[in-house]
Amino acid sequence: MIGYYVHHQGSGHLNRARTVAAHCPVPVTGLSTLPEPQDWPWPGLWVRLPRDDDGDSSGFGDVTAGGRLHWAPVGHAGLRGRMALIARWIEEASPRLLMSDVSVEVALLARLLGTPVAVAAMRGERTDPPHRMAYDLAGLLIAPWPAALPEPGWPAHWTAKTVHTGAFSRFDDRPRPARAPGRTDRSLTDLSRTDRSSTPRRVLLLMGSGGTDVSPGEVKAARAATPGWEWTTLGGPDGGWSADPWPALCAADVVVTHAGQNALAECAAARRPAVVVPQERPFGEQAATARALTRGRLAVVVPHWPPAESWPALLEQAHDRGGDRWSLWAPGDGATRAATALTDAAGEATGAGPPPTGRAAGAGAAEDAGAVRDTGAAGDASEVRGTGAVRDPGAVGNSGAVRDTGAP
């Protein structure tokens, strides 16, 4: 059994967890504030955690414990309940490994309980005391970017235990649909600008669900300044939503996106030309990712949302560059590499060799491990059943974007 903690902010952590779990040959139990997704690869193996960020923030006290943690509000019942549930699950399931994506506090708790830990590495400034502790105590770091574009300044002992998987997404194994007649990747490159303006090309703007720095007025101005392009927006307060953005990604002549790991991985899987506008994030994560994209010449990168008059040239530049170099960023087998690394680490940590494989074996392992089920109030884990999951520990509120609760 492998435990997989899934941070609830945005959608990237959950998408990544689902993708990795689908490639794991051993049972994977998700632990998250989020509800179990319908397509979780190991149905029923999910621990629903209470929130740790609701209530009156004036009573939270020193949430960083003197700068040693990221999020530990004082006296918060949700924090106490979620940590108790995780500890109880570890006690009952005896996981061989816990993957944290991402929470310093969960990684620390698991290791204090004697469970080996893997951590999803993040770009940006991660040398603050909480990050150093999490990366130091981890037995394995999973870096979803290529080794050819490392994060500068990492200490040698972090690099030594890092598996660089390359970026990966839920779309890596999905065929790209054929481009419509007259819309091949370079079909309009050699046309005159007059001819281009008579054949509108498509821009897909990905806004993301983890917050945005771009106003609707700025998007409207960019549309107006590029009459030869048709804009579609997914995400954000004014954009559409699609459970399956793959067709829109593949149909786009240029994708305009923030520098979140999940959005870039999906753009890379589609091999689409891109303009990347990093957004403000804790620890400079997106800015650091944008610098790596620039080093690899993978996309047109601008530090902030450009003025309207800059967009015609930016879209032309991205279109002319094309998307073929995305293969460096996302080779297509990153989820398999991550799942293999986690499975190997789980076996090596116990000295027992690789865990048993196959879903039939996994079902038995889950039953044998025991679990907390139907706990009612958070932390009141009184009933033990052989299901491998904790079910709905009390009411859980809206799991949308929140404060930086345990952000890496």
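## Exercises on contacts, rings and cores

Thr162 touches Leu141, Ala143 and Trp154, residues up to four places away in sequence being left out. The model in which this contact is found is predicted.

**Exercise 1.** Determine where Thr162 is found, and whether Thr162 counts as buried or exposed.

*Solution.*
- Step 1. Thr162 belongs to strand S7, which spans residues 162-164.
- Step 2. The cut-off for a buried residue is under 20% relative accessible area. The relative accessibility of Thr162 is 13%, so Thr162 counts as buried.
- Step 3. A polar atom of the Thr162 side chain lies 2.6 Å from the backbone oxygen of Trp158.

**Exercise 2.** State how many aromatic pairs a search of the whole structure finds, and classify the pair formed by Phe60 and Trp71.

*Solution.*
- Step 1. The search of the whole structure yields nine aromatic pairs.
- Step 2. In one of them, Phe60 and Trp71 have ring centres 5.8 Å apart and ring planes at 90°. Planes over 60 degrees apart count as edge-to-face, and the pair of Phe60 and Trp71 is therefore edge-to-face.
- Step 3. Phe60 and Trp71 each lie in the loop between strand S3 (46-48) and helix H2 (77-93), so their pairing ties together parts that are 11 residues apart in sequence.
- Step 4. Phe60 has a relative accessible area of 5% and is buried; Trp71, at 8% relative accessibility, counts as buried.

**Exercise 3.** Classify the ring pair of Trp154 and Trp158, and name the aromatic cluster that holds them.

*Solution.*
- Step 1. The ring centres of Trp154 and Trp158 are 5.6 Å apart and their planes stand at 90°, so this pair is edge-to-face.
- Step 2. Trp154 is buried with a relative accessible area of 15%, and Trp158 is buried with a value of 2%.
- Step 3. Trp154 and Trp158 form one aromatic cluster together with Tyr135 and Trp145.
- Step 4. Over the face of Trp145 lies Arg123, at 4.4 Å from the ring centre.

**Exercise 4.** Describe how far helix H9 is covered, and list the elements against which its buried residues pack.

*Solution.*
- Step 1. Helix H9 comprises residues 261-270, and 10 of its 10 residues are buried. Among them are Gln261, Asn262, Glu266 and Cys267.
- Step 2. The helices packed against by the buried residues of H9 include H1 (12-23), H8 (246-251), H10 (285-295) and H12 (326-329). Strands S10 (254-257) and S11 (274-276) are packed against by these residues as well.
- Step 3. After H9 comes Arg271, whose phi is positive, near 60°.

**Exercise 5.** Name the residues of the largest nonpolar core that touch the most other members, and give the contacts of Trp326.

*Solution.*
- Step 1. The largest nonpolar core has 89 residues, of which Tyr135, Trp326, Trp329 and Leu342 touch the most other members.
- Step 2. With residues up to four places away in sequence not counted, Trp326 touches Leu264, Cys267, Ala268, Arg271, Arg272, Ala274, Leu293, Leu298 and Ala299.
- Step 3. A second, separate core has 19 residues, including Val254, Val275, Val277 and Leu315.

**Exercise 6.** How many disulfides does the structure hold, and do Cys250 and Cys267 count as buried or exposed?

*Solution.*
- Step 1. The number of disulfides in the structure is zero.
- Step 2. Cys250 has a relative accessible area of 6% and is therefore buried. Cys267, at 0% relative accessibility, counts as buried.

Key: Residues are numbered from 1 along each chain as its sequence is written. This is a predicted model: local features need pLDDT of at least 70, side-chain atom pairs count only at pLDDT 80 or more; totals for chains, interfaces and linings use all residues. Side-chain values use heavy atoms; hydrogens and water are left out. Buried means under 20% relative accessible area, exposed over 50%, partly exposed in between (1.4 Å probe, protein chains only). Helices (H or I, at least four residues) and strands (E, at least two) are DSSP runs, numbered from the N terminus. Contact means heavy atoms within 4.5 Å. Rings of Phe, Tyr and Trp (its six-membered ring) pair if their centres lie within 6.5 Å; planes under 30 degrees apart count as stacked, over 60 as edge-to-face and the rest as tilted. A charge sits over a ring if NZ of Lys or CZ of Arg is within 6 Å of the ring centre and within 35 degrees of the ring normal. A polar contact is a pair of N or O atoms within 3.5 Å; within protein, one must be able to donate a hydrogen and the other to accept it, and residues adjacent in sequence count only if both atoms are side-chain atoms. A disulfide is a pair of cysteine sulfur atoms within 2.5 Å. A nonpolar core is a set of buried Ala, Val, Leu, Ile, Met, Phe, Trp, Tyr and Cys residues joined through side-chain atoms within 4.5 Å.
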